[in-house]
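Got the viewer open? Set the cartoon representation, keep the selection box handy, and let's take a walk.

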Amino acid sequence: MKIEAYSDGSGTTAKTPGGYGFVVVVDGVKQYEGSGHLDFATNNDCELQGAIEGLDSLHYHFEQEELTDVWLVSDSEIILGWASGERAFKQEEKILKYQQLTNMMSEFKAKTRWVHGHSGEVFNERCDVLANAARKNEVIS
């Protein structure tokens with residue numbers, strides 16, 4: 001069973017609201033989604049939180065033995081680089097969030113896959129809609 005946690009974030013500066021969204025897909029079929037609002041967050045904060053929340057949700061929806069083929073999918077090369085260890089992490093104020101991400105990546109032996117943002121990829125587009133709505137505190141269905 002291939003489990004993909006798609007994630008996205010929406011934010012501008014640390015003085016403005018942000019949002020994140022995630023969609024979990026099993027063998028190409030959407031299983032569930034989630035999103036959240038952050039009162040003050042940069043885009044990287046939101047992207048990072050989306051990845052963390054998407055991966056963390058796997059703990060509540062799957063048995064441990066089902067988590068053998070896990071992928072974090074994002075249009076953020078920075079987040080995927082941090083998640084895979086291919087990019088140096090230098091933002092000390094976010095170190096606890098970074099550790100959450102890398103701990104779950106290690107726990108699930110997760111792999112990463114980059115998708116081009118705003119290219120029509122269905123689950124990535126849905127994450128974008130969720131993140132933007134969460135940033136604005138809008139409820140969507």
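Which residues does Gly36 touch, not counting residues up to four places away in sequence? Select Gly36 and show its surroundings: the contacts are Gly18, Gly19, Tyr20 and Ala134. A quick reminder before we go on: this is a predicted model.

**Stop 1: Gly36 and its strand**

Gly36 sits in strand 3, which covers residues 29-38. Its relative accessibility is 12%, so Gly36 counts as buried. Now add Gly19 to the selection and put a distance label between the two C-alpha atoms. You should read 5.6 Å, for two residues that are 17 residues apart along the chain.

**Stop 2: the hairpin**

Color strand 2 (18-26) along with strand 3 (29-38). These two strands run antiparallel and are joined by nine bridges. To see one of those partnerships, pick Val26, whose bridge partner in strand 3 is Val29. Together the two strands make a hairpin with two residues between them.

Zoom in on the turn and click Asp27, in the loop between strand 2 and strand 3. Its phi is near 50°, a positive value in a residue other than glycine. Is Asp27 buried or exposed? Its relative accessibility comes to 53%, so Asp27 counts as exposed.

**Stop 3: the whole sheet**

Zoom back out and show all the strands. Five of them form an open sheet in the order 3-2-1-4-5, with mixed pairing. Strand 3 and strand 5 are the edge strands, each pairing on one side only. Look along the sheet for its twist: on average, neighbouring strands are turned by 20° against each other, direction ignored.

If you turn on side chains here, keep in mind that in a regular strand they alternate between the two faces of the sheet.

Next, select strand 4 (70-74) and strand 5 (111-114). This pair runs in the parallel sense, over four bridges. For a landmark, click Leu72, which has Thr112 in strand 5 as its bridge partner.

**Stop 4: the helix across the sheet**

Select residues 122-135, which make up helix 4. This helix lies across strand 1 (3-10), strand 2 and strand 3, and runs at about 150° to strand 2.

On the way into this helix, click His118, found in the loop between strand 5 and helix 4. His118 is not a glycine, yet it has a positive phi of about 55°. With a relative accessibility of 59%, His118 counts as exposed.

**Stop 5: helix 2 and what covers it**

Now select residues 77-84, which is helix 2. Which residues in helix 2 are buried? They are Ile79, Leu80, Gly81, Trp82 and Ala83. Show the neighbours, and you'll find that the cover over these buried residues includes helix 1 (43-61), strand 4, helix 3 and strand 5. Step just past the end of helix 2 to Gly85, which takes a positive phi of about 85°.

Two of those neighbours are helices, so the next stops look at each in turn. Two packed helices are described by the angle between their axes and the distance between the axes.

**Stop 6: helix 1 against helix 2**

Show helix 1 and helix 2 together. They pack at an angle of about 50°, with their axes 9 Å apart. That angle makes helix 1 oblique to helix 2. The crossing of helix 1 and helix 2 is right-handed.

For the contact itself, put sticks on Asn44, Glu47, Leu48 and Ala51 in helix 1, which meet Ile78, Ile79 and Trp82 in helix 2. By type, the residues of this contact divide into five nonpolar, one polar and one charged.

**Stop 7: helix 3 against helix 2**

Hide helix 1 and bring in helix 3, residues 95-108. Helix 2 and helix 3 pack at an angle of about 60°, with their axes 8 Å apart. That makes helix 2 oblique to helix 3. This crossing is right-handed.

Here the sticks to show are Ile79, Trp82 and Ala83 in helix 2, meeting Tyr98, Leu101, Thr102 and Met105 in helix 3. The residues of the contact divide into six nonpolar, one polar and no charged.

For a last view, keep Ile79 and Trp82 in sticks and bring helix 1 back: these residues are in the contact with helix 1 and in the contact with helix 3.

Terms used
Residues are numbered from 1 along each chain as its sequence is written. This is a predicted model: local features need pLDDT of at least 70, side-chain atom pairs count only at pLDDT 80 or more; totals for chains, interfaces and linings use all residues. Side-chain values use heavy atoms; hydrogens and water are left out. Axes are lines fitted to C-alpha atoms, for helices over the stretch in contact, and angles run from 0 to 180 degrees between N-to-C directions. Angles under 35 degrees count as roughly parallel, over 145 as roughly antiparallel, 65 to 115 as roughly perpendicular and the rest as oblique. A crossing is left-handed if the near helix is turned anticlockwise from the far one by less than a right angle, and right-handed if clockwise. Contact means heavy atoms within 4.5 Å. Ala, Val, Leu, Ile, Met, Phe, Trp, Tyr, Cys and Pro count as nonpolar, Asp, Glu, Lys and Arg as charged, and the others, Gly among them, as polar. Buried means under 20% relative accessible area, exposed over 50%, partly exposed in between (1.4 Å probe, protein chains only). Two strands pair if DSSP finds at least two bridges between them.
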